[in-house]
Amino acid sequence: MGDVQVTCMTKPNPDGPHEEITHIGSMKGTWKWRREQVIASIELGTNTFYVLDPRTNKRSEVGVVRRPGQPPYLRTHVDGNWNDDLLALTQCP
């Protein structure tokens, strides 16, 4: 896939602001990957994933966060700062 824009995400409880994301994908339905697939792809350097801010068109890179005692999770960052751009996306179809 290469360098891919993420336009939607899936989490178990759509109304929960801090639940973990289980999938990311495209609103056009052309792709949808499980979190574990995305993490492996990022860490192997196979693909890069990003989100565009709809207001500024600024790019946020999707990265992997690892904390002791917790499973790895996905989060976006821009200019060296982590942000919640993934959580702001709509649910995938």
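**A guided tour of the sheet, the helix and the core**

Begin by selecting strand 5 and strand 6, which pair in the antiparallel sense over three bridges. The model on display is predicted. Within this pair, select Y50 and then look across to strand 6, where its bridge partner is E61.

Next, extend the selection to the whole sheet. Five strands make up this open sheet, in the order 1-5-6-7-8, and their pairing is mixed. At the edges lie strand 1 (3-5) and strand 8 (81-83), each of which pairs on one side only. On average, neighbouring strands of the sheet are turned by 45° against each other, direction ignored.

Add helix 1 to the view. Helix 1 packs on the sheet and touches strand 5, strand 6 and strand 7 (73-78). The direction of helix 1 makes about 55° with that of strand 7.

Now display side chains and select V6, I24, W31, F49, V62, L74 and L86. These residues have the most contacts inside the largest nonpolar core, which has 16 residues. Helix 1 (35-44), strand 5 (48-52) and strand 6 (59-65) each supply at least two residues of this core.

Centre the view on V62. Which residues does V62 touch, not counting those up to four places away in sequence? They are V6, I42, F49, Y50, V51, L74, R75, T76 and L86.

Finally, colour the model by confidence. The mean pLDDT of the protein is 90, and 97% of its residues reach 70 or more. Confidence is highest in helix 1, at 97, and lowest in strand 8, at a mean of 87.

How values were computed. Residues numbered from 1 in each chain as written. Predicted model: local features only at pLDDT ≥ 70, side-chain atom pairs only at ≥ 80, totals over all residues. Heavy atoms only, no water. Core = buried A, V, L, I, M, F, W, Y, C linked by side-chain atoms within 4.5 Å. Buried < 20%, exposed > 50% of the residue type's maximum accessible area, 1.4 Å probe, protein only. Helix = DSSP H or I, 4+ residues; strand = E, 2+ residues; numbered from the N terminus. Contact = heavy atoms within 4.5 Å. Pairing = 2+ DSSP bridges. Axes fitted to C-alpha atoms, helices over the stretch in contact; angles between N-to-C directions. pLDDT = per-residue confidence, 0-100.
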